[in-house]
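Let's walk through this structure together, going from the overall fold down to a single residue. Have the model open beside you as you read.

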Amino acid sequence: MKITVDEEKCCGAGQCVLIAPEVFDQREEDGIVVLLDAEPADGRHTAVREAASVCPAAAIQLSEST
């Protein structure tokens, strides 16, 4: 899995950080998403998919490896 984030779309809701704190963080000054791990281990994929699905701004994109 490879993750990309669109900082321009991010509204700073922080749901991604609550669901997958090992993968996402937020900038202190404005709450915009910070991607900590663009290619997380298999054990984190479920949480990352959930984080992407609940993102109100659809700022998280996933590409699955085959």
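How many helices and strands are there in the protein chain? In this predicted model, the protein chain has two helices and four strands. Follow the chain from the N terminus and you will meet them in the order β-α-β-β-α-β. The chain is as compact as a globular protein of its length, because its radius of gyration of 11 Å is close to the 11 Å that the globule rule gives for 66 residues. Along the principal axes, the C-alpha atoms fill a box of roughly 35 × 20 × 15 Å.

Next, consider how the residues pack. Of the 66 residues in the protein chain, 30% count as buried. If you take the contacts between residues at least 6 apart in sequence, 55% of them join residues at least 24 apart.

Now turn to the surface and the charges. About 4,000 Å² of the protein chain is exposed, and carbon and sulfur atoms supply 47% of that area. The chain carries 5 positive and 13 negative charges, and the mean positions of these two groups are 5 Å apart.

Finally, zoom in on one residue, A58. You will find A58 in the loop between α2 (45-54) and β4 (60-63). Its backbone deserves a look: most residues other than glycine have a negative phi. A58 is not a glycine, yet its phi is positive, near 55°. Is A58 buried, partly exposed or exposed? Its relative accessibility is 42%, so A58 counts as partly exposed, since that class lies between the 20% and 50% cut-offs.

Notes
Residues are numbered from 1 along each chain as its sequence is written. This is a predicted model: local features need pLDDT of at least 70, side-chain atom pairs count only at pLDDT 80 or more; totals for chains, interfaces and linings use all residues. Side-chain values use heavy atoms; hydrogens and water are left out. The radius of gyration is taken over C-alpha atoms; the globule rule is 2.2 Å times the number of residues to the power 0.38. Buried means under 20% relative accessible area, exposed over 50%, partly exposed in between (1.4 Å probe, protein chains only). Contact means heavy atoms within 4.5 Å. Accessible areas come from the Shrake-Rupley method with a 1.4 Å probe; for residues, only the protein chains shown count as cover. Lys and Arg count as positive and Asp and Glu as negative; His and the chain ends are not counted. The place of a charge is taken as NZ of Lys, CZ of Arg, CG of Asp or CD of Glu.
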